[in-house]
Amino acid sequence: MSDASSKVKLLAGFLGVCTIGLLVSTIILATNSNESNLQAALVTSNVPDNKFYDIASIFADEEENTCKNTNPGFENVDCVHVDGPQAGANVTNPYIREQAGSNVTKGYIGGLEVDVHPNNKTYWESSMCPVNVHWHLGTEHYSVGEYDENGDGPHGNIPAPEQPSRRLGGDEKVRAGFRCHHFDDSDEKFTTEYDWKHCIGMEVGETYEVHWPHSAAGACGTVNQYQTPFYDGVFCNLPLDVFEDLQPQDIASAVGVQGQIFTIVNDESYFYPDMIRGWIVDGDYGKDIHYYTGSTTGTSRNNEICSAYAPITWQVDRKCHMISASSFDKLCYDMKLQRDDMEKDLHAHGSRELVHDYMVANNQQRRRGLHGSDHEHEHEHEHEHEHQEWF
């Protein structure tokens with residue numbers, strides 16, 4: 001009996017050790033599995049949650065914002081005073097010039113004769129930097145076959161030239177522009193909702209025109225570079241008395257806007273992490289550019305009320321591109337990190353109606369891509385260069 005009892009005790013001890021070992025293994029596997037799941041959850045978003053320490057940064061002091069309230073506050077004006085002949089009249093006002101946004105379709109020429117030329121260099125070559133980024137619901141510009149009255153979106157499109165309002169900016173209603181041609185309601189990347197963390201009132205499948213105002217008088221390379229409203233960034237280091245002595249060409253060469261049009265998709269393969277720095281130049285993105293001089297835009301202006309902020313250079317991408325919702329959300333996250341409060345630019349603004357031909361400058365230029373399929377003439381030398389085409 002004693003031998004049998006000893007064997008039973010040994011067996012029980014062995015089974016106990018095995019049980020403990022299995023329990024420990026299970027705990028380890030469960031822990032590793034939970035860590036793996038946590039790690040997987042952490043890498044499924046390209047956008048931070050914007051959670052900070054409860055400590056005020058010395059760089060967030062808006063009292064040190066040297067650009068604040070530098071906007072001269074020019075009032076809008078009656079478009080009948082646009083400089084040059086229009087609607088059968090000859091009315092001249094030296095303070096009111098060409099307007100934006102316009103038709104940017106290849107071959108289009110505006111109807112207003114002007115004496116300035118757009119800055120056709122990259123803005124950084126002209127010592128200009130982006131001083132703001134904001135966007136409009138639909139497009140303020142018009143490019144046949146890319147963003148026009150035949151495009152589509154979650155709420156349809158608008159006819160040309162009359163353009164009704166649509167909702168955006170939370171409960172706010174804003175005037176919508178034209179739509180791109182990408183939207184397909186049978187494709188989930190255009191219809192699957194995105195969990196927005198930072199942008200306000202944005203929607204997958206919609207078209208947005210993004211503007212990056214640039215200025216040689218901006219607080220370039222400092223913590224005050226990005227400003228809302230963008231006028232504070234444009235005029236930051238430009239006293240009004242100095243501005244008033246500038247010639248129109250001086251202004252068009254030193255102040256400009258990059259414009260690029262996107263349809264938002266819920267697809268991370270279209271993620272671009274750095275939209276705050278300026279438009280995207282990659283492949284077809286930023287390849288076919290339309291240059292002209294115009295004005296500031298927005299729904300406070302139309303074809304009866306014009307902007308006095310002119311002439312400025314516009315560089316507009318003729319193509320519409322797809323971009324991930326997370327790209328915009330990352331942009332809004334970056335905007336929240338600036339010294340100036342950019343909250344009023346975290347949602348889409350309304351779109352100005354397409355400007356009548358007689359208020360659009362006739363100085364259109366076009367830049368195409370690098371050496372390759374874009375060549376339309378023959379030459380014997382081999383090198384990479386850009387082509388400028390005049391219309």
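Let me start with the aromatic rings: the structure, which is a predicted model, holds 13 aromatic pairs. One of them is formed by Trp135 and Phe328, whose rings meet edge-to-face, with 5.4 Å from centre to centre and 85° between the planes. Trp135 sits in strand β5, residues 134–137, while Phe328 belongs to helix α5, residues 325–336, so this pair ties together parts of the chain that are 193 residues apart in sequence. If you look for these two side chains on the screen, please look inside, since Trp135 and Phe328 are both buried.

A second pair is that of Phe235 and Tyr309, where the ring centres are 6.1 Å apart and the planes stand at 65°, so this pair is edge-to-face as well. Here both partners come from loops: Phe235 from the one between α2 (230–234) and α3 (240–244), and Tyr309 from the one between β13 (305–306) and β14 (312–324), so that parts 74 residues apart in sequence are tied together. Are these two residues buried or exposed? Phe235 has a relative accessible area of 6% and is therefore buried, the cut-off being under 20%, and Tyr309, at 8%, counts as buried too. Phe235 and Tyr309 are also members of one aromatic cluster, in which they are joined by Phe74, Phe230, Tyr231 and Phe243.

From the rings I would like to turn to the disulfides, of which a search of the whole structure finds five. When the bonded cysteines are counted along the chain, the pattern of linkage reads 1-7, 2-8, 3-6, 4-9, 5-10, and I will go through three of these links one by one.

The link between Cys67 and Cys236 has its sulfur atoms 2.0 Å apart, and with -75° about the S-S bond it is left-handed. It connects distant parts of the chain, because Cys67 lies in the loop between α1 (2–42) and β1 (77–78), whereas Cys236 lies in the loop between α2 and α3, 169 residues apart. Cys67 and Cys236 are both buried.

The next link joins Cys129 to Cys220, with a sulfur-to-sulfur distance of 2.1 Å, and it is left-handed, at -85° about the S-S bond. Cys129 is in strand β4, residues 129–130, and Cys220 is in the loop between β10 and α2, so the disulfide ties together parts that are 91 residues apart in sequence. How do the two ends stand with respect to burial, buried or partly exposed? Cys129 is buried, with a relative accessible area of 8%, but Cys220, with 32%, is partly exposed.

The third link I want to show runs from Cys199 to Cys332, S to S 2.0 Å, and this one is right-handed, with 100° about the S-S bond. Cys199 is in the loop between β9 and β10 and Cys332 is in helix α5, so far along the chain that the two are 133 residues apart. Cys199 and Cys332 are both buried.

The loop between β9 (179–180) and β10 (207–215) also contains Lys189. The side chain of Lys189 makes a polar contact, at 2.7 Å, with the side chain of Asp187. Setting aside neighbours within four places in sequence, Lys189 is in contact with Val204, Val265, Asn266, Asp267 and Met322.

Let me now step back to the chain as a whole, which has five helices and 16 strands. Of its 391 residues, 48% count as buried, and the chain exposes about 19800 Å², of which carbon and sulfur atoms supply 53%. Among contacts with a separation of 6 or more, 79% are between residues 24 or more positions apart.

Finally, a word on confidence: the average pLDDT of the chain is 83, and 75% of the residues score at least 70. Two stretches call for caution. Over residues 370–391 the pLDDT is below 50, although the model does give this stretch 43 contacts beyond near neighbours in sequence. Residues 162–171 likewise stay under 50, and for them the model has 41 contacts beyond four places in sequence.

Terms used:
Residues are numbered from 1 along each chain as its sequence is written. This is a predicted model: local features need pLDDT of at least 70, side-chain atom pairs count only at pLDDT 80 or more; totals for chains, interfaces and linings use all residues. Side-chain values use heavy atoms; hydrogens and water are left out. Helices (H or I, at least four residues) and strands (E, at least two) are DSSP runs, numbered from the N terminus. Buried means under 20% relative accessible area, exposed over 50%, partly exposed in between (1.4 Å probe, protein chains only). Contact means heavy atoms within 4.5 Å. Accessible areas come from the Shrake-Rupley method with a 1.4 Å probe; for residues, only the protein chains shown count as cover. pLDDT is the predictor's confidence in each residue, from 0 to 100. A polar contact is a pair of N or O atoms within 3.5 Å; within protein, one must be able to donate a hydrogen and the other to accept it, and residues adjacent in sequence count only if both atoms are side-chain atoms. Rings of Phe, Tyr and Trp (its six-membered ring) pair if their centres lie within 6.5 Å; planes under 30 degrees apart count as stacked, over 60 as edge-to-face and the rest as tilted. A disulfide is a pair of cysteine sulfur atoms within 2.5 Å.
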